[in-house]
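Please open the structure in your viewer and keep the selection tool at hand. The tour below goes from one selection to the next and says what is there.

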Amino acid sequence: MKKIGILTSGGDAPGMNAAVRAAVRCGIERGMEVYGIKRGYEGLLDGEIVKMEWHSVGDILQRGGTILRTARSARFMEQKWVDHGARMLEAFGIDGLIVVGGDGSFRGGVDLSKRGISVMGVPGTIDNDLAYTDFTIGFDTAVNTILGLISNIRDTSSSHERSTIMEVMGRHCGDLALYSGLAGGADVILVPEVKCDINEVCRRVLQGQATGKAHSLIVMAEGFDMDATELAKTLEEMTGREARAVVPGYIQRGGSPTEKDRRIATITAAKAVELLYDDSSSKAIGVNGGELVAMDLAEALNVKPEFNNDLYELSNILGKGR
Ligand code: ATP
């Protein structure tokens with residue numbers, strides 16, 4: 001009987017549980033034994049590996065986070081520990097592994113695949129920073145969570161006639177800021193991919209004030225080369241209007257996954273199981289133009305990120321004021 005494992009790694013993302021559920025049930029359906037590996041690569045190294053049953057993944061589809069827990073493993077960055085991880089899988093008779101995580105987790109997967117393990121990467125990160133797939137699991141939920149926060153902050157900043165700088169996650173990727181800023185009607189979106197002059201930000205806020213706008217909203221990616229508090233201070237000095245930095249932090253990572261995230265998680269994990277069943281070499285699974293795609297795991301990490309400049313330009317036009 002074929003034995004496969006699944007782990008979740010790196011930052012947690014809403015929808016990871018949907019991926020675990022689909023992997024376990026599709027695996028069992030195909031007559032395989034499916035093992036859950038706790039706490040990402042850390043749990044693999046420590047042999048925290050448990051056999052999953054159909055019912056082990058009941059009632060988790062709607063839950064954020066990951067029932068398998070997750071971790072960042074410093075040990076796994078060392079080759080001797082990757083060897084240890086491969087031996088651990090061998091000891092359990094597992095020759096296929098599903099890794100749900102971001103680029104770092106996929107890199108760990110590539111290392112394992114060099115040791116004869118077939119590794120399927122399922123894109124689980126709110127950052128949307130895996131360029132081979134249109135969207136990663138958790139991104140849509142995080143965007144919608146941020147939208148809710150934007151809506152709340154609009155109420156209070158309009159009442160007090162303030163400017164707000166909302167700093168959102170995403171590491172070096174500006175997608176969370178771009179998509180939430182566009183849908184939330186931000187006056188300015190600041191992302192690491194586009195240089196932006198702070199004088200231009202101040203000019204926009206001043207122009208808004210001059211035309212009677214009660215508030216200004218700036219959505220800034222954490223990877224932008226300025227701190228939100230610093231920007232708020234500069235804005236206050238330049239515009240004479242109160243400005244507040246709002247940094248929601250990990251609130252963006254929690255919550256029940258949206259339909260889209262549950263669907264992407266379910267179909268990519270099901271595909272991962274199918275590929276392992278068919279003895280495929282290591283692949284990264286994702287969606288491209290609505291279609292499922294699977295490409296070589298190492299190659300997937302080399303796909304160059306493409307920032308959506310059209311969307312950025314459109315948000316710029318809509319936010320600039322007249
Ligand atoms: P997120 O984007 O949500 O942070 P991630 O998967 O990119 O997710 P990382 O912390 O970068 O998160 O990686 C998760 C784990 O994967 C690391 O703690 C480490 O154990 C392993 N890993 C990361 N980079 C490598 C690498 N180059 N080689 C081997 N393993 C790695």
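A pocket, as the word is used here, is an open set of grid points where a 1.4 Å probe fits, with protein on both sides within 12 Å along at least five of seven lines. With that in mind, and remembering that this is a predicted model, begin with the second largest pocket, which holds about 540 Å³ of space. Select Gly10, Arg72, Gly104, Ser105 and Arg171, which of the 27 residues lining this second largest pocket are the closest to its centre. Next colour helix 2 (40–45) and helix 4, the elements that give two or more residues to this lining; helix 4 has the largest share, with six residues. If you colour the lining of the second largest pocket by residue type, you should find six nonpolar, twelve polar and nine charged residues.

**The two domains**

Now select the two parts into which the chain is divided, namely domain 1 (3–138 + 257–301) and domain 2 (141–253). How far apart are the centres of domain 1 and domain 2, taken over C-alpha atoms? They are separated by 34 Å. At the contact between the domains, 13 residues of domain 1 meet twelve residues of domain 2. With both domains coloured, go back for a moment to the second largest pocket, whose lining draws at least three residues from each of domain 1 and domain 2.

**The largest pocket**

Move on to the largest pocket, in which about 650 Å³ of space lies. Select Asn128, Asp129, Leu130, Ala131 and Pro305, the residues closest to its centre among the 24 that line the largest pocket. Three elements can then be added to the view, since helix 4 (103–113), helix 6 (175–183) and helix 10 (297–302) are the ones that give two or more residues to the lining of the largest pocket. The largest share of this lining, three residues, comes from helix 10. By residue type, the lining of the largest pocket consists of ten nonpolar, five polar and nine charged residues. Why does the largest pocket lie between domain 1 and domain 2? Both domains give residues to the lining of the largest pocket, and it therefore lies between them.

**The seven-stranded sheet**

For the next selection, show the strands of the open sheet that has seven strands in the order 3-2-1-4-5-10-11, with mixed pairing. Look at the edges, where strand 3 (49–52) and strand 11 (291–296) each have a single partner strand, so one side of each is left without a neighbour in the sheet. Neighbouring strands of this seven-stranded sheet are turned against each other by 25 degrees on average, direction ignored. Zoom in on strand 10 (residues 283–288) and strand 11, which pair in the antiparallel sense over six bridges; here Lys283 has Asp296, in strand 11, as its bridge partner. Then add helix 1 (residues 16–29), which packs on this sheet and touches strand 1 (3–8), strand 2 (33–37), strand 3, strand 4 (96–101) and strand 5 (118–123), the direction of helix 1 making about 175 degrees with that of strand 1.

**The four-stranded sheet**

Turn next to the other open sheet listed on this tour, which four strands form in the order 7-8-6-9 with parallel pairing. Strand 7 (188–190) and strand 9 (243–246) stand at its edges with a single partner strand each, so one side of each is left without a neighbour in the sheet. The average turn between neighbouring strands of this four-stranded sheet, direction ignored, is 15 degrees. Select strand 7 together with strand 8 (residues 216–221), which run parallel and are joined by three bridges; Val188 has Ile218, in strand 8, as its bridge partner. Helix 5 (residues 139–159) packs on this sheet, where it touches strand 6 (163–168), strand 8 and strand 9, and its direction makes about 165 degrees with that of strand 6.

**The cavity**

The last stop is inside the protein. How many cavities of 30 Å³ or more does a search of the whole structure find? The search finds one, and about 50 Å³ of space lies in this largest cavity. To see its surroundings, select the lining residues, including Asp187, Arg204, Ser216 and Arg322. Helix 7 (residues 198–210) gives the most to the lining of the largest cavity, with four residues. Coloured by type, this lining shows one nonpolar, six polar and five charged residues.

Technical notes. Residues numbered from 1 in each chain as written. Predicted model: local features only at pLDDT ≥ 70, side-chain atom pairs only at ≥ 80, totals over all residues. Heavy atoms only, no water. 1 Å grid on protein atoms, 1.4 Å probe; cavity = no way out; pocket = protein on both sides within 12 Å on 5 of 7 lines; lining within 4 Å. Points joined across faces, edges and corners; volume = space filled by probe spheres on them. Nonpolar A, V, L, I, M, F, W, Y, C, P; charged D, E, K, R; others polar. Domains from an automatic or database assignment. Pairing = 2+ DSSP bridges. Axes fitted to C-alpha atoms, helices over the stretch in contact; angles between N-to-C directions. Contact = heavy atoms within 4.5 Å.
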